[in-house]
Amino acid sequence: MIQILVFAGLIIVSYGLGCFSTARFIAKSFKSLNIYKVGTGHPDTENIYSNIDKFLGIIAGITDFGKIYVYLFFLKILLDLFYPCLATQNHLLILGFVMVLGHCLPATHHFKGGRGIFTYIGFVTFFAPIPMLIIALLAFILIVGFKQLRFAQYMVVLLPPFINFL
């Protein structure tokens, strides 16, 4: 019974941490801008990078990546110590997914969130680091060499499960 309550609490915490919009925070803190009124209107890394500042966009991407990866890393350690039955990969997958969901559909911002690409990359990297590294390198080549940002984003989202099975 206590494990169910702990897991329910972790779902709420995961969603709440996902709701923290780094792009919104960066736009407001460093440039005093409302990210919803700039560029595409999306509170995401791409909007920061394209319409506000490239360096701040990189910082937003790294922060979005890191917030989920570091959260899952420390959560795994804590659950192994205190609730080993909740430290399974399935439980961590659910908690990570809920965090990505919180990033894309934050209740704190009227369900207007970022696209979640870097958050998703951090999520997948935690579970499949080598396939994600391969795909990230291919995506980087597509973006730099061929200016194919959208295709690279689709590739990052769709390919990790397939490469992980190889």
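The points below concern a predicted model and address its N terminus, one helix pair and its nonpolar cores.

1. N terminus. Met1 belongs to the segment that precedes helix H1 (2-19). With a relative accessible area of 70%, Met1 is exposed, because the cut-off for that class is over 50%. Between the C-alpha atoms of Met1 and Asn164 there is a separation of 35 Å, the two residues being 163 apart along the chain.

2. Geometry of H6 and H8. Helix H6 (residues 117-127) and helix H8 (residues 149-158) have axes that come within 10 Å and cross at roughly 30 degrees. H6 is therefore roughly parallel to H8, since angles under 35 degrees are classed in that way. The crossing of H6 and H8 is left-handed.

3. Contact of H6 with H8. On the H6 side, Ile117, Tyr120 and Ile121 take part; they meet Gln153, Val156 and Val157 of H8. By residue class, this contact of H6 with H8 comprises 5 nonpolar residues, 1 polar residue and no charged ones.

4. Largest nonpolar core. This core holds 28 residues, of which Leu10, Leu72, Leu75, Leu79, Leu92 and Phe123 touch the most other members. Two or more residues each come from H1, helix H4 (54-82), helix H5 (89-104), H6, helix H7 (129-146) and H8. The greatest contribution is that of H6, with 7 residues.

5. Leu10 and the other core. Leaving aside residues up to four places away in sequence, Leu10 touches Tyr71, Leu75, Leu79 and Leu95. Another core, of 9 residues, lies apart from the largest one and includes Ile26, Val38, Leu56 and Ala60.

Technical notes. Residues are numbered from 1 along each chain as its sequence is written. This is a predicted model: local features need pLDDT of at least 70, side-chain atom pairs count only at pLDDT 80 or more; totals for chains, interfaces and linings use all residues. Side-chain values use heavy atoms; hydrogens and water are left out. Helices (H or I, at least four residues) and strands (E, at least two) are DSSP runs, numbered from the N terminus. Buried means under 20% relative accessible area, exposed over 50%, partly exposed in between (1.4 Å probe, protein chains only). Axes are lines fitted to C-alpha atoms, for helices over the stretch in contact, and angles run from 0 to 180 degrees between N-to-C directions. Angles under 35 degrees count as roughly parallel, over 145 as roughly antiparallel, 65 to 115 as roughly perpendicular and the rest as oblique. A crossing is left-handed if the near helix is turned anticlockwise from the far one by less than a right angle, and right-handed if clockwise. Contact means heavy atoms within 4.5 Å. Ala, Val, Leu, Ile, Met, Phe, Trp, Tyr, Cys and Pro count as nonpolar, Asp, Glu, Lys and Arg as charged, and the others, Gly among them, as polar. A nonpolar core is a set of buried Ala, Val, Leu, Ile, Met, Phe, Trp, Tyr and Cys residues joined through side-chain atoms within 4.5 Å.
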